[in-house]
Amino acid sequence: TNYSRFKNKERTMDAVKNQMQQMRSKLNQIPALEKAEDTTKIPKEYLVLSGGIVFFILVFFGIGAGSLCSIVGFVYPAFKSLEAIESKIRGDDTQWLIYWVCYSFFSIIEVFVDSLLHWIPFYYAFKLAFLLWAMLPQTKGAKFLYDSFLKEFLKKNESKIDAALNDAKRSATTIASEVAAATAELSAAGLSTAAQYAKRNSSMDEDKGNESEGKKES
């Protein structure tokens, strides 16, 4: 009946209002949202909801999602790592070191399979969820990955990784020395050519001067 529909709608609205009030009470603890509310004259809970919707649309449809994932996966952990360095508690240092190991491992894999990632629907939405799961202290996904897989993998392949890094270092040193030698050789050749050109011009000027003096004497 119309009355029951009206009551259901009223109960739904009351539940939504209660949820919004609970959200507002939690958001009151964030000074930045207080300033944003005073500036825009928009309740902070609506600002958060609208920002969340925009954020979801950007990630879900891949609009600038790559840059957004990079910012989320790097900026917040970098800030928390800086806090961990300055604090005297050792546990948070270990947590963020583990996160950076997992982040680096994930980024290396992503480089090699980059051409395939464009075929995965909503890849960046999954990537963002993975990064949040890995970094947040509530989930500690990075520690789970490290303890269950990466730790044993890295220990078994530690010698191979060290050898590969040493080879890469030697190759980089060799390439740098070859480039420096080639640059020096080109510079020397350029200076020699410039000197010969200047010498040729000076001899031509002397010949012209001698010719003009001879014409004046005649």
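## Exercises on a predicted all-helix model

At 12% relative accessibility, S81 counts as buried. Keep that residue in mind, since the exercises come back to burial again and again. One thing before you start: the model is predicted.

### Exercise 1: Get your bearings

Task: find out how many helices and strands the chain has, and where confidence is lowest and highest.

Solution:
- Step 1. Count the elements: the chain has nine helices and zero strands.
- Step 2. Read them off from the N terminus, and you get α-α-α-α-α-α-α-α-α.
- Step 3. Check the confidence. The mean pLDDT of the chain is 75, and 72% of its residues reach 70 or more.
- Step 4. Look for the extremes. Helix α9 (residues 158-217) has the lowest confidence, with a mean of 65, while α8 has the highest, at 84.
- Step 5. Add burial to the picture: of the 218 residues in the chain, 15% are buried.
- Step 6. Now for contacts with a separation of 6 or more: 48% of them are between residues 24 or more positions apart.

### Exercise 2: Place S81

Task: work out which helix holds S81, and which residues S81 touches once its neighbours within four places in sequence are left aside.

Solution:
- Step 1. Locate S81: this residue sits in helix α4.
- Step 2. Set the close neighbours in sequence (within four places) aside, and S81 is in contact with W96 and W100.
- Step 3. Tie this to burial. The cut-off for buried is under 20% relative accessible area. S81 has 12%, so S81 counts as buried.

### Exercise 3: Hunt for salt bridges

Task: search the whole structure for salt bridges, then say how far apart the closest N and O atoms are in the pair K80 and E83.

Solution:
- Step 1. Start with the idea: side chains of opposite charge can pair when their charged atoms come close.
- Step 2. Search everything, and three salt bridges turn up.
- Step 3. Take K80 and E83. Their closest N and O atoms are 3.1 Å apart, and the two form a salt bridge.
- Step 4. Ask where they sit. Both belong to helix α4 (residues 65-86), and they are three residues apart, so about one helical turn separates them.
- Step 5. Check how open they are. K80 is partly exposed, with a relative accessible area of 24%, and E83 is partly exposed too, at 36%.
- Step 6. Try K143 and D147. They form a salt bridge with the closest N and O atoms 2.8 Å apart.
- Step 7. Place this pair: K143 and D147 both lie in helix α8, four residues apart, about one turn of the helix.
- Step 8. Finish with accessibility: K143 is partly exposed at 42%, and D147 is partly exposed at 40%.

### Exercise 4: The pair that links distant parts

Task: describe the salt bridge between E110 and K127, and decide whether K127 is buried or exposed.

Solution:
- Step 1. Get the distance. In the salt bridge of E110 with K127, the closest N and O atoms are 3.0 Å apart.
- Step 2. Put each partner in its helix. E110 is in helix α5 (residues 90-112) and K127 in helix α7, with their positions 17 residues apart, and the pair links distant parts of the chain.
- Step 3. Judge burial. E110 has a relative accessible area of 15%, so E110 is buried. K127 has 10%, so K127 is buried as well.
- Step 4. List the company of K127. Leaving aside neighbours within four places in sequence, K127 is in contact with C69, F106 and E110.
- Step 5. Meet another resident of the helix that holds K127, α7 (residues 123-135). Y124 is in helix α7 and counts as partly exposed at 28% relative accessibility. The C-alpha atoms of Y124 and L68 are 9.0 Å apart, though their positions lie 56 residues apart along the chain.

### Exercise 5: How two helices cross

Task: work out at what angle the axes of α7 and helix α8 (residues 141-156) cross, and which residues of the two helices meet.

Solution:
- Step 1. Follow the axes: they come within 4 Å and cross at roughly 85°.
- Step 2. Name the arrangement. Angles of 65 to 115 degrees count as roughly perpendicular, so α7 and α8 are roughly perpendicular to each other.
- Step 3. Name the residues. From α7 come F130, W133 and A134, and they meet G141, A142, F144 and L145 of α8.
- Step 4. Sort them: the residues of this contact divide into six nonpolar, one polar and no charged.

Technical notes
Residues numbered from 1 in each chain as written. Predicted model: local features only at pLDDT ≥ 70, side-chain atom pairs only at ≥ 80, totals over all residues. Heavy atoms only, no water. Contact = heavy atoms within 4.5 Å. Axes fitted to C-alpha atoms, helices over the stretch in contact; angles between N-to-C directions. Parallel < 35°, antiparallel > 145°, perpendicular 65-115°, else oblique. Nonpolar A, V, L, I, M, F, W, Y, C, P; charged D, E, K, R; others polar. pLDDT = per-residue confidence, 0-100. Salt bridge = Lys/Arg side-chain N within 4 Å of Asp/Glu carboxyl O. Buried < 20%, exposed > 50% of the residue type's maximum accessible area, 1.4 Å probe, protein only.
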